[in-house]
Amino acid sequence: MNEMVTIPREEYDRLQAAAEDLADLQSYDRAKAALAAGEEELVPLDFVNRLLNGENTLRVYRDLRGLTQAALAEKSGVSRVTVAEIETGRKQGSVTTLRALASALDVTLDDLAD
């Protein structure tokens, strides 16, 4: 048979809050470690706002990396016209094209998904 312990509700709530605080601290420590290891990066608020406001993700990440369309095209092996067409929404870009652009921008393919 299972052993049972009865504690006052106040004590249970305090223990529950302490467990949640510990989980938050552990998440924070993991995030800081990932940043320190270069596995994650911080994105400045103005770029986050541009993404949240629906601006083309390719354009936002290109600007974040400080690249022109021509520089991104050269780095990715994708034509500058294709980069421009994807940024303006005239083309979606094939998976192969988006993968090359994501690699050149050092982001995941999912990061470029609108």
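**Stop 1: E41 and R65**

Select E41 first; in this predicted model, E41 counts as partly exposed because its relative accessibility is 40%. Next, add R65 to the selection. R65 is likewise classed as partly exposed, its relative accessibility being 27%. Display both side chains: they meet in a salt bridge, with N and O 2.7 Å apart. E41 belongs to the loop between α1 (9–36) and α2 (45–52), while R65 belongs to the loop between α3 and α4, so this pair ties together parts of the chain that lie 24 residues apart in sequence.

**Stop 2: the whole chain**

Zoom out and colour the chain by secondary structure. Six helices and zero strands should appear. Followed from the N terminus, the order of elements reads α-α-α-α-α-α. The chain is more spread out than a compact globule, because its radius of gyration is 22 Å, well over the 13 Å that the globule rule gives for 114 residues. Rotate the C-alpha trace to view its principal axes, along which it spans about 70 × 30 × 30 Å.

Now switch on the surface. The accessible surface comes to about 8500 Å², and carbon and sulfur atoms hold 52% of it. Of the 114 residues in the chain, 25% are buried. Among contacts with a separation of 6 or more, 38% are between residues 24 or more positions apart. If the charged residues are coloured by sign, there are 13 positive and 21 negative charges to find, and the mean positions of these two sets are 11 Å apart.

**Stop 3: helix α5**

Select residues 80–88, which form helix α5. Which residues of this helix are buried? They are T82, V83, A84, E85, I86 and E87. To see their surroundings, add α3 (57–64), α4 (69–76) and α6 (95–105), against which the buried residues of α5 pack.

Within α5, centre the view on T82. This residue counts as buried because its relative accessibility is 18%, and the cut-off for that class is under 20%. Leaving aside residues up to four places away in sequence, T82 touches K91 and T97.

Keep K91 in view and add E85. These two residues form a salt bridge, in which the closest N and O atoms are 3.2 Å apart. K91 is partly exposed, with a relative accessibility of 42%. Then step to the residue that follows α5: this is G89, and its phi is positive, near 85 degrees.

**Stop 4: E87, R62 and a network of charges**

Return to α5 and select E87 together with R62. Their side chains meet in a salt bridge, N to O at 2.5 Å. The pair links distant parts of the chain, since E87 sits in helix α5 and R62 in helix α3, 25 residues apart. Are these two residues buried or exposed? Both E87 and R62 are buried.

Extend the selection to R50, E55, R59 and D63. Together with R62 and E87, these residues are joined into one network by salt bridges that share partners. A search of the whole structure finds nine salt bridges.

**Stop 5: N2, in the segment before α1**

Move to N2, which is found in the segment before α1. N2 counts as exposed because its relative accessibility is 69%. Draw a distance from the C-alpha atom of N2 to that of R14: the two residues are 12 positions apart along the chain, and the separation of these atoms is 24 Å.

**Stop 6: G77, in the loop between α4 and α5**

Select G77, located in the loop between α4 and α5. G77 is exposed, with a relative accessible area of 70%. Add K32 and draw another C-alpha to C-alpha distance. G77 and K32 are 45 residues apart in sequence and 34 Å apart in space.

**Stop 7: D106, in the segment after α6**

The tour ends at D106, placed in the segment after α6. What is the sign of phi at D106? The angle is positive, about 60 degrees, although D106 is not a glycine. This residue is exposed, having a relative accessible area of 63%.

Key: Residues are numbered from 1 along each chain as its sequence is written. This is a predicted model: local features need pLDDT of at least 70, side-chain atom pairs count only at pLDDT 80 or more; totals for chains, interfaces and linings use all residues. Side-chain values use heavy atoms; hydrogens and water are left out. Helices (H or I, at least four residues) and strands (E, at least two) are DSSP runs, numbered from the N terminus. The radius of gyration is taken over C-alpha atoms; the globule rule is 2.2 Å times the number of residues to the power 0.38. Buried means under 20% relative accessible area, exposed over 50%, partly exposed in between (1.4 Å probe, protein chains only). Contact means heavy atoms within 4.5 Å. Accessible areas come from the Shrake-Rupley method with a 1.4 Å probe; for residues, only the protein chains shown count as cover. Lys and Arg count as positive and Asp and Glu as negative; His and the chain ends are not counted. The place of a charge is taken as NZ of Lys, CZ of Arg, CG of Asp or CD of Glu. A salt bridge is a side-chain nitrogen of Lys or Arg within 4 Å of a carboxyl oxygen of Asp or Glu.
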